[in-house]
Structure formats: C-alpha cells, structure tokens
Amino acid sequence: MSNEKKQWDPSQLRKYDISLEQIPRYDYCDPRVDEIMDENVRQKPVIIQNSNVVASAKKWNLDYLEKYMGNGDYTVFLSRNHKFKYYDDKKVAKINNGDMGKNVEFTQPTKKVDMKLPEFLKRLKEWKRGDDRLYLQQGLNNTVGPEIVRDFLNFDWDFCNGKQTKHNWGPLTYNLLLIAMEGNVTPCHYDEQQNLFAQIYGYKRCILFPPSQFECLYPYPVYHPHDRQSMVDFDRPDYSKFPKFKEAKGYEAVIGPGDVLYIPIYWWHHIESLMRGGHTITVNFWYKDGPNSSISYPLKDYQKVAIMRNIEKMLQDVLKDPREVGPLLRTMVLGRFT
Ligand SMILES: CC1(C)c2ccccc2-c2ccc(C[C@@H](CC(=O)O)C(=O)C(=O)O)cc21
Ligand SMILES: [Zn+2]
C-alpha cells in the first residue's frame, strides 16, 4: 500500500447495518476490467483507476467553474435533510390531476429550483446547520461556457466509446454534472441505464446491490413518483415492514478524483458525499442498454425486474386504482404458485 496520506477516514462514512463487500479496483488497461463488465458473464461493478476519462476536468474546482460555467440557470435540488430522493415529475403530475384516484397524494421530499452558479456557490460557502442542503444536478449541454465545452470535448471519449462498443451498450443519453454538499445522500435506487460514474473532486461512498436483491430492497410501486427507489430508510430501517432488508448483501467503495465506478444497469446504488469532506464534483455517463442480440435462458435477474415492471404497468393501466393491484396479484399467486 503506497504510504501516501489517506484521503479520508472511516468516521466520515455514515453507519448502516448492512453486510458489505469491497468493490474491486483495477487499472483502466487491466483485462480484468472488461471481464468483470462483460454482460454475458458477470456484469458486476468495478472501479477503473487512472483512466483519463475526465482528466481534462481535473482543474474543475469551484472558482474555475464559477469563472467558466457561464451565467445560465442550473437545476438545484433543496432538501431539509441530508437525503435527496429522486422523484419523477410526470408521475407527481398524474397523482395531482387525480389519474390515480383521489386517495393518493404525494409530498415532494426535495424542491427543484433554477439557480445561477454564483448564487449556488455562495449558498454552499455560507451554509450552516438548519439551512436547506443543496445539490446541483445539471446536464452538460450548450448552456455552459466555451472553456467547459472544450474540457468536455477533451474527455477521453475513446475510452468511453470503447466500453460502449465492447459491452454492446446503446447510445449515450446523458452526462450529468453533479456538485454536492458534504454529507449529501442519494438514497438507494436503480436506473435503467449503464453508468460510468466519473469522480472529479472530493470523495463519495457508494453502496451497490445486484438486481437479484429486489426482494430485500422493496422498491416503490412503478406508478409512484419514487419509482425505482427503495422504500427502506437506511438510517432507520423498519424491519417489521421490510424484514428481508436484514438479508441484503451489498458491495461498497469509496471513490475519489480519477476513479470511475461502473454501475451496471438495474444495479441498486446508494451514494453519499463523505461527511466533513467538503463538496464533491462528479460527471456521470448514462448509456441505454444495447439491443438484446438474442434472448438467452435462463433470463438474467435484471430482465426479470424489467418483466415485473411491465406487469405492474399493465395492471395499473387496466385497474386504474393502485389499491387494486396488490389484492389482484395476491389472489393470483397465494396458494396457487407455491
Ligand atoms: C439525487 C439527484 C440530485 C436527483 C434528484 C431528483 C431527480 C434526479 C436526481 C439524480 C440523478 C442522478 C444523480 C447522480 C447519482 C447519485 C449521486 O451521485 O448522488 C446517480 O444516482 C447516478 O449517477 O445514477 C443524483 C440525482
Ligand atoms: Zn442513479
């Protein structure tokens, strides 16, 4: 182990009652990276070290970003606590205009505001306990200044395109620039995209679970604005409502500048910016999944999650009232499919 100063301390990690195994780390040119990422064999998370994927963004500190990000409006989420729970605006709208019947209401856990970068940075610097926490999440698009565009174009696209081709991913859909306050948490959820998660500044602790642990993580119903999020509060798990959460077995890594974490499609991930670690800067690369060359049996766990999602959507469409979906599924299964 190199004797360089340890960049973080275990006391900066939040404490959870979850059994965790370390995610392997390899150099970008190590063949084991592609073996682990191989969709036909394992498709497991791996940390890719010393790649130059976002080397051109090494100089992205807050002063540089303030100087060159331009004066566009950026999407900032505000939260009363350390959790920033994803929610789907379109599903909130459907609930608010009564599509789900009148007995379903939803209170948004975070507020989404547009903010100029200087104001975001000012609030970050002046933040004190009791204030709303902030999380800037902005697609890297043409609203940013020419220097940032140049840095973006200088990402190591050969590396990313190489992974996209080798692992039969679909098109790149998004690059999100993420600037989080120390201690911010993105609670456990999965995305339907392959993700190269490139850490630029500061340290993030990532806890991942495979799609096979669907039963232990209790996702919200698909119609719910928190679709794809786990209902389990990791800070205070309710084991009476979510007994199988005790059996969850996760993978963990703390990533820092220059690390790229591969988050495979449908893999659950909980991401936190280390406490007392200052702000963090990340750029993620989301890719759609590739065309299934040919369906092979047995089906993969993530394909079964996709099937369950489709069944829920279909039942929701025909039953309308979400309260009828559970009873119908219970009637169909209990006592019949032992
Ligand atoms: C929490 C937040 C700001 C948010 C609020 C409302 C709607 C969407 C999102 C959203 C989407 C992605 C991330 C980045 C990352 C988690 C992380 O790095 O914190 C992650 O999950 C991924 O790269 O897949 C973070 C967010
Ligand atoms: Zn995610």
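In which loop is Q43 found? The tour will return to that residue after an overview of the chain. The model on display is predicted, and every value given below is computed from it.

**The whole chain**

Begin with the protein chain in a cartoon view. It holds nine helices and 14 strands. Along the principal axes, its C-alpha atoms fill a box of roughly 60 × 45 × 40 Å. The radius of gyration is 21 Å, which agrees with the value near 20 Å that a compact globule of 338 residues would have.

Next, colour the chain by accessibility. Buried residues account for 50% of the 338 residues. The exposed area is about 17500 Å², and 52% of it is supplied by carbon and sulfur atoms. If the contacts with a separation of 6 or more are displayed, 83% of them link residues 24 or more positions apart. For a view of the charges, select the 48 positive and 44 negative ones; their mean positions are 3 Å apart.

**The zinc site**

Select the zinc ion (ligand 2) together with H189, D191 and H269. These residues are its protein donors, through NE2 of H189, OD of D191 and NE2 of H269, at 2.0 to 2.2 Å from the ion. Along the chain, the donors follow the spacing H-x1-D-x77-H. D191 belongs to the loop between β8 (185-189) and β9 (194-201), while H269 belongs to strand β13 (residues 268-273), so this pair ties together parts that lie 78 residues apart in sequence. With the surface switched on, D191 and H269 are both found to be buried.

**F159 and its surroundings**

Move to helix α6 (residues 157-166) and select F159, which is found there. Is this side chain's residue, F159, buried or exposed? F159 has a relative accessible area of 11% and is therefore buried, the limit for that class being under 20%. Leaving aside residues up to four places away in sequence, F159 touches Y28, I48 and V53. Adding D259 to the selection allows a distance to be drawn: F159 and D259 are 100 residues apart in sequence, and their C-alpha atoms are 14 Å apart in space.

**The segment before β1**

Now go to D9, placed in the segment before β1 (19-22). D9 has 38% relative accessibility and so counts as partly exposed. Draw a second C-alpha to C-alpha distance, from D9 to V33: the two are 24 residues apart in sequence and 27 Å apart in space.

**Backbone details in three loops**

Q43, the residue of the opening question, is found in the loop between α1 (31-37) and β3 (46-49). Its phi is near 50°, a positive value in a residue other than glycine. Q43 is buried, at a relative accessible area of 7%.

R276 is the next residue to select, in the loop between β13 and β14. Phi of R276 is near 55°, again positive in a residue that is not glycine. Whereas Q43 is buried, R276 counts as exposed, at 54% relative accessibility.

The last stop is the loop between β14 (280-287) and α8 (301-319), where P298 has its place. What kind of peptide bond joins Y297 and P298? The bond is cis, with omega at about 0°.

Methods
Residues numbered from 1 in each chain as written. Chains lettered and ligands numbered in written order. Predicted model: local features only at pLDDT ≥ 70, side-chain atom pairs only at ≥ 80, totals over all residues. Heavy atoms only, no water. Helix = DSSP H or I, 4+ residues; strand = E, 2+ residues; numbered from the N terminus. Rg over C-alpha atoms; globule rule 2.2 N^0.38 Å. Buried < 20%, exposed > 50% of the residue type's maximum accessible area, 1.4 Å probe, protein only. Contact = heavy atoms within 4.5 Å. Areas by Shrake-Rupley, 256 points an atom, 1.4 Å probe, with all protein chains shown as cover. Lys, Arg positive; Asp, Glu negative; His and termini not counted. Charge placed at Lys NZ, Arg CZ, Asp CG, Glu CD. Donors = N, O, S within 2.8 Å, 3.2 Å for Na, K, Ca; no water.
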